[in-house]
Amino acid sequence: MPRLGHPSKQADALHIVARRADSPLTLSQVCQLAECSASTIQGLAEKGWVQMTPRRTVLSARAGAQTSDVGAAPVQAQALAALLARGGTAELQSFLHETDVRPGTIAALEKKGVACRVQEEPLVLLTLPEAEVMERVVALRGSEKQRAVLQALRGRPGRVWVGGVYAETGADLATLRSLAERGLISLHAEEYDRPEAGPAGPVRLTAEQQPAWEAIARELGKRRPGEDPFVALLHGVTGSGKTELYFRALEATLAAGRRGIVLVPEISLTPQTVQRFEARFPGRVAVLHSELSQGQRYAAWNRVRC
């Protein structure tokens, strides 16, 4: 499946660490697989999503080593015996602390080839709950909206109106186009013929609409030709009746011998918006947007002029 969002080394590394949570990888292994630097893993650690174990120095006895291999050196023989008693391997600092063996004795054992110290790489452990990993990966790649669109479309047969997708996911046309470029969805433009709509009269205003309309109507009544326009900001959730107040403001404007322009936030909302305005203002609506042909634009422009 194509990767969503923009490239992110941290996202790649986190995904790899999560996949190997049961068998942790070393720092260099994660960096190699994710093609990143240690600073990338450090960044994840600072977020609290992974943890790097401390670097350890391990002391190991040579395979088959015996205390007699050190010759007449009882202190060295005692140190080697203590190491062999621990299975032939021990973390160096812990071994020195537990046995009171001196570092010089360890150096002597190494010189005689009966023991050696190895620097162990830190392991990268996942500290983030596995259920949250994908959410963090998506966030790091900046693909939250793309993922939301795919989830919204999953299980829906046939074509889906993009306006509904925008409202449900917060995505925009750029998000949909990026998914289409990856072959994950397809976008289709359909020819829209404006319906023959009959007139629709004003509806009775609600208790919330009435004072808002009175304030707008009052300001409209004050305005004279040539005066600066006024600004009214309507706040209301979807379905609260804002469009009815737009209708009334346009009706008052037209009644005063002026004209009105309605801006639609998304081209995908044009069909349903045109239907409603055609029903309220039959024969008086012209539509202009970037998807029109040159001929359609000219016809709309000419209609506005008349």
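Which residue in strand 6 is the bridge partner of valine 50? It is leucine 126. The points below take the two sheets, their helices and the cysteines in turn, for what is a predicted model.

1. **The 1-6-2 sheet.** Three strands form an open sheet in the order 1-6-2, and the pairing is antiparallel. The edges are strand 1 (25-26) and strand 2 (50-52). Each has a single partner strand, so one side of each lacks a neighbour in the sheet. Strand 2 pairs with strand 6 (residues 123-126) in the antiparallel sense, over three bridges. The link between valine 50 and leucine 126 belongs to strand 6's bridge partners.

2. **Helix 1 on that sheet.** Helix 1 (residues 9-19) packs on the 1-6-2 sheet and touches strand 1, strand 2 and strand 6. The direction of helix 1 makes about 85° with that of strand 6.

3. **Helix 1 against helix 3.** Two packed helices are described by the angle between their axes and the distance between the axes. Here the axes of helix 1 and helix 3 (residues 38-46) come within 9 Å and cross at roughly 75°. The two helices are therefore roughly perpendicular to each other. From helix 1, the contact uses Lys9, Gln10, Ala13 and Leu14. From helix 3, it uses Thr40, Ile41, Gly43 and Leu44. By type, these residues are four nonpolar, three polar and one charged.

4. **The 4-3-5 sheet.** A second set of strands forms an open sheet of three, ordered 4-3-5, with antiparallel pairing. Strand 4 (89-91) and strand 5 (115-120) are at the edges. Each of these has a single partner strand, so one side is left without a neighbour in the sheet. On average, neighbouring strands are turned by 25° against each other, direction ignored. Strand 3 (residues 56-61) and strand 5 pair in the antiparallel sense over six bridges. Within strand 5, arginine 117 is the bridge partner of leucine 59.

5. **Helices on the 4-3-5 sheet.** Helix 5 (residues 92-99) lies across strand 3, strand 4 and strand 5. Helix 5 runs at about 90° to strand 4. Helix 6 (residues 103-111) lies across strand 3 and strand 5, at about 105° to strand 5.

6. **Cysteines.** The structure holds zero disulfides. Why is cysteine 36 not bonded to cysteine 31? The closest cysteine sulfur to that of cysteine 36 is in cysteine 31, at 4.3 Å, which is too far for a bond; a disulfide needs the sulfur atoms within 2.5 Å. Cysteine 36 counts as buried because its relative accessibility is 14%. Cysteine 116, at 38%, counts as partly exposed.

How values were computed: Residues numbered from 1 in each chain as written. Predicted model: local features only at pLDDT ≥ 70, side-chain atom pairs only at ≥ 80, totals over all residues. Heavy atoms only, no water. Pairing = 2+ DSSP bridges. Helix = DSSP H or I, 4+ residues; strand = E, 2+ residues; numbered from the N terminus. Contact = heavy atoms within 4.5 Å. Axes fitted to C-alpha atoms, helices over the stretch in contact; angles between N-to-C directions. Buried < 20%, exposed > 50% of the residue type's maximum accessible area, 1.4 Å probe, protein only. Parallel < 35°, antiparallel > 145°, perpendicular 65-115°, else oblique. Nonpolar A, V, L, I, M, F, W, Y, C, P; charged D, E, K, R; others polar.
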